Amino acid sequence: MRVLVVCPEGKLELSDGLTCGCAAGTYDDGDRCQPCQPGFTSAVGALGACAACPAGKTSRQPAYVCEDCAAGTYAAEPGQAACSPCSTDFYAVAGQSACA
């Protein structure tokens, strides 16, 4: 017989079928699920904080996954909210942390 898990509003049943947690792109602050900021992401059930996307990537709301910066743009630091365009006469292929 399966135990029925009733999750509080805003949380979902996790894959173990026994606990509740937050959806991807959010984290549990101890009280409720909070969205990750742009440039950060989380997996399902994340506790405490979201993780910064690595250099060369960013995320948008809802922040489910880190995505490569588009060609011609870059993210020099982890956790950047947006990719920056390359200066004139410089270029970057997708997913780069600098233009050359």
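**An all-strand fold and a few of its residues**

Read along the sequence, the protein runs β-β-β-β-β-β-β-β-β-β. The model described here is predicted. In total, the secondary structure amounts to 10 strands and zero helices. The radius of gyration is 17 Å, well over the 13 Å that the globule rule gives for 100 residues, so the protein is more spread out than a compact globule. Along the principal axes, the C-alpha atoms fill a box of roughly 65 × 25 × 15 Å.

The overall figures help to fill in this picture. Of the 100 residues, 28% count as buried. Among contacts with a separation of 6 or more, 21% join residues that are 24 or more positions apart. The accessible surface comes to about 6200 Å², and carbon and sulfur atoms account for 58% of that surface. As for charge, the protein carries 10 negative and 5 positive side chains, with the centres of the two sets 5 Å apart.

Two threonines give a good view of the local detail. Thr58 sits in strand S7, which covers residues 57–58. Its relative accessibility is 10%, so Thr58 falls under the 20% cut-off and counts as buried. The side chain of Thr58 has a polar atom 2.7 Å from the backbone oxygen of Gln80, and the side chain of Thr58 also reaches the backbone oxygen of Ala81, at 3.3 Å. Both Gln80 and Ala81 appear among the residues that Thr58 touches when those up to four places away in sequence are not counted. That set further includes Ala82 and Cys83, along with Gly39, Cys53, Val65, Cys66 and Glu67.

Thr73 belongs to strand S9, residues 73–74. With a relative accessibility of 18%, Thr73 is under the 20% cut-off and therefore counts as buried. The side chain of Thr73 reaches the backbone oxygen of Ala70 at 2.6 Å. Not counting residues up to four places away in sequence, Thr73 touches Cys83, Ser84, Pro85 and Cys86, as well as Ala92, Val93 and Gln96. Cys83 is thus listed among the contacts of Thr73 and among those of Thr58.

Cys83 also serves as a reference point for Ala49. Ala49 is placed in the loop between strand S5 (40–41) and strand S6 (51–52). Ala49 and Cys83 are separated by 34 residues in sequence and, C-alpha to C-alpha, by 22 Å in space. Ala49 is partly exposed, having a relative accessible area of 46%.

Earlier in the sequence, Gln34 lies in strand S4, residues 33–35. The side chain of Gln34 makes a polar contact of 3.1 Å with the side chain of Asp29. Leaving aside neighbours within four places in sequence, Gln34 is in contact with Asp29 and also with Gly25, Thr26 and Tyr27. Between Gln34 and Tyr64 there are 13 Å from C-alpha to C-alpha, at a sequence distance of 30 residues.

Finally, Asp89 is worth a look for its backbone. Asp89 is located in the segment after strand S10 (84–85). Phi of Asp89 is near 75 degrees, a positive value in a residue other than glycine. The relative accessible area of Asp89 is 76%, over the 50% cut-off, so this residue counts as exposed.

Definitions and conventions: Residues are numbered from 1 along each chain as its sequence is written. This is a predicted model: local features need pLDDT of at least 70, side-chain atom pairs count only at pLDDT 80 or more; totals for chains, interfaces and linings use all residues. Side-chain values use heavy atoms; hydrogens and water are left out. Helices (H or I, at least four residues) and strands (E, at least two) are DSSP runs, numbered from the N terminus. The radius of gyration is taken over C-alpha atoms; the globule rule is 2.2 Å times the number of residues to the power 0.38. Buried means under 20% relative accessible area, exposed over 50%, partly exposed in between (1.4 Å probe, protein chains only). Contact means heavy atoms within 4.5 Å. Accessible areas come from the Shrake-Rupley method with a 1.4 Å probe; for residues, only the protein chains shown count as cover. Lys and Arg count as positive and Asp and Glu as negative; His and the chain ends are not counted. The place of a charge is taken as NZ of Lys, CZ of Arg, CG of Asp or CD of Glu. A polar contact is a pair of N or O atoms within 3.5 Å; within protein, one must be able to donate a hydrogen and the other to accept it, and residues adjacent in sequence count only if both atoms are side-chain atoms.
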